[in-house]
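Trainee: Hi, do you have a minute to go through this structure with me? I'd like to get the vocabulary straight before we start.

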Amino acid sequence: MIIPEFEYLSPQSLQEACALLVQYGNRAKVLAGGSDVLVKMKDGLIGPAYLVSLKNLDSLRSIRYEKGTGVIIGARTTHNEVMNNNILQEKYRSVCEAAHSMAADQIRNIGTVGGNLVNAVPSADLPPILIALDAQARIVGPSRARTIALEEFFLGPGKTVLEDGEILTEIVIPDQPTTGSNYIKFGLRRAGALAVAGVASSVAVRDGLCQDVRIVLGAVAPTPIRAHRAENALRSKKISPELINEAGKIAAEESKPINDIRGSIEYRRNLVDVLTRRSLKAAIEKGHV
Amino acid sequence: MTTAIKKGKLHVVRLNVNGEEHAALVKANTTLLDLLREEFDYTGTKKGCELGDCGACTVLMDDKPVTSCLVLAVEADGHSVTTIEGVEQEGKLDRVQEEFIKHVAVQCGYCTPGMILSAKALLARNPHPSEREVREAIAGNLCRCTGYGRIVKAILAAAETNI
């Protein structure tokens with residue numbers, strides 16, 4: 001398999017990278033890890049004339065905690081770096097577990113957080129848990145930088161709000177009053193399988209009272225979606241097994257799955273019900289797992 | 001300044017492979033896999049699916065397993081790489097290799113180099129893994145002959161003899 005020829009560009013700064021993306025427009029693609037871009041090029045699905053590599057932008061390859069801001073994850077960070085990071089292990093192990101649920105060791109050493117988000121594949125594993133944790137996306141462009149809620153980042157399969165010349169640089173998980181969070185994915189195998197459905201939740205439960213909750217469904221709509229009605233059924237209520245069951249049922253109704261090779265609409269809806277209940281239970285009982 | 005490698009032009013890359021410094025002229029679309037096999041003659045690294053699914057091309061880059069079919073040679077510039085040829089020490093097979101032989105964990109042999117490198121990386125970060133951890137570590141290495149049983153036993157045996 002041959003990668004079609006292209007011009008390779010490795011800028012030394014974000015400004016240079018944005019300028020190159022503006023200059024070459026849709027003939028250029030950003031190269032982060034390469035586990036998606038190079039596969040698509042080999043398969044002949046895309047044929048960019050230019051690849052703009054982020055390899056030299058070390059500032060994008062870190063995970064740090066800033067007091068008053070939260071945990072900041074560089075977009076060039078690999079999935080294994082997320083999985084093994086001490087800050088995330090301590091604060092939001094659910095994010096480490098979501099990274100762990102992806103692909104296999106070799107690909108987790110190549111693929112990046114930014115790539116997983118920018119590709120906007122509906123079954124991607126990181127978006128649900130990051131949205132459940134109210135993550136923000138930091139975006140740098142040729143003339144301005146902006147921050148948006150990650151929830152607003154996805155427009156459809158393969159489509160995001162990124163405009164020409166813009167690069168996703170960092171994900172911020174803000175400090176928050178949540179007491180637990182969790183992502184559960186169902187794949188057809190334990191390894192190397194895309195999610196047939198995935199559900200993430202975060203909860204703030206004190207003295208049995210659900211003060212706040214976010215439920216995010218993956219692989220059952222064109223983008224990751226919040227299950228707002230299921231959340232409303234839980235918010236400000238005393239947590240009970242019956243209430244969690246009800247939330248599962250509502251979330252299943254809110255999902256908009258498709259039939260495909262991995263599962264039918266009915267099967268996916270049923271999965272959303274089951275996974276929502278399990279995810280909530282884990283987040284309530286075990287914290288950020 | 002941005003480094004640019006035009007279409008079809010050659011660019012020099014320098015890597016440390018198995019402890020030795022190597023340099024070669026590559027095109028931008030050359031993979032690390034092709035660089036290792038075609039330029040440096042490390043043909044122990046196998047070419048399988050070429051899409052990052054099968055793990056036959058697994059090498060260690062900076063001690064971490066990667067599928068070398070999905071790494072551009074120019075992106076590997078300046079890094080250190082271990083291939084299966086670099087696993088033996090002073091002509092003596094590594095413990096993992098010895099256990100693969102002892103347990104007959106090899107049939108056609110095509111997955112073996114990648115399998116052994118994934119096992120080496122696992123034992124380096126976790127000297128005494130459980131069976132589940134072993135299975136997870138080799139989840140990215142497909143074997144169509146053995147059914148994995150003997151491979152898992154061999155890696156567990158190598159872990160037991162880890163001091």
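Mentor: Happy to. When I name helices and strands, I mean DSSP runs numbered from the N terminus, with at least four residues for a helix and at least two for a strand. Keep in mind that this is a predicted model.

Trainee: Good. Where does D63(B) sit, then?

Mentor: D63(B) is in the loop of chain B that runs between β4 (58-61) and β5 (64-67).

Trainee: And what is odd about its phi?

Mentor: The phi of D63(B) is positive, about 70°, although the residue is not a glycine. Most residues other than glycine have a negative phi.

Trainee: Is D63(B) buried or exposed?

Mentor: Exposed, because D63(B) has 12 C-beta neighbours inside 10 Å, and 12 or fewer counts as exposed.

Trainee: Which residue of chain A has a positive phi without being a glycine?

Mentor: A103(A) does, with a phi of about 45°. A103(A) lies in the loop between α5 (93-100) and α6 (105-108) of chain A. A103(A) is buried, because 24 other C-beta atoms lie within 10 Å and the cut-off for buried is 20 or more.

Trainee: Let's stay around there. Which helix holds C96(A)?

Mentor: C96(A) is in helix α5 of chain A. C96(A) counts as buried, since it has 23 C-beta neighbours inside 10 Å.

Trainee: What does C96(A) touch?

Mentor: Leaving aside residues up to four places away in sequence, C96(A) touches V82(A), M83(A), N85(A), L88(A) and Q89(A). As for L126(A), 30 residues apart from C96(A) along the chain, the two C-alpha atoms are separated by 9.4 Å.

Trainee: Zooming out, how many helices and strands does chain A have?

Mentor: Chain A has 11 helices and 14 strands. Its radius of gyration is 19 Å, close to the 19 Å that the globule rule gives for 289 residues, so chain A is as compact as a globular protein of that length. The C-alpha atoms fill a box of roughly 60 × 45 × 30 Å along the principal axes.

Trainee: How much of chain A is buried?

Mentor: 56% of its 289 residues count as buried. Also, among contacts in chain A with a separation of 6 or more, 62% come from residues 24 or more positions apart.

Trainee: Can you tell me about one helix, say α10(A)? What covers its buried residues?

Mentor: The cover includes β13 (209-218), α9 (228-234) and α11 (265-286) of chain A. The buried residues of α10(A) include I244(A), A247(A) and I250(A). The helix spans residues 241-254, and its 14 residues reach 20 Å from first C-alpha to last, close to the 20 Å expected at 1.5 Å a residue.

Trainee: New topic: how many residues does each chain bring to the contact?

Mentor: Chain B brings 29 residues and chain A brings 28 residues. On the side of chain B that touches chain A, β1 (3-5), β5 and α4 (131-137) each supply at least two residues. β5(B) gives the most, with four residues. The residues on that side of chain B divide into 13 nonpolar, 10 polar and six charged.

Trainee: Which strand of chain A pairs with β1(B)?

Mentor: Strand β1 of chain A, residues 7-10, pairs with β1(B) in the antiparallel sense over three bridges.

Trainee: And what stands opposite L9(A) there?

Mentor: That would be A4(B), in β1(B).

Definitions and conventions:
Residues numbered from 1 in each chain as written. Chains lettered and ligands numbered in written order. Predicted model: local features only at pLDDT ≥ 70, side-chain atom pairs only at ≥ 80, totals over all residues. Rg over C-alpha atoms; globule rule 2.2 N^0.38 Å. Contact = placed C-beta atoms within 7 Å. Expected span 1.5 Å × (residues − 1). Nonpolar A, V, L, I, M, F, W, Y, C, P; charged D, E, K, R; others polar. Pairing = 2+ DSSP bridges.
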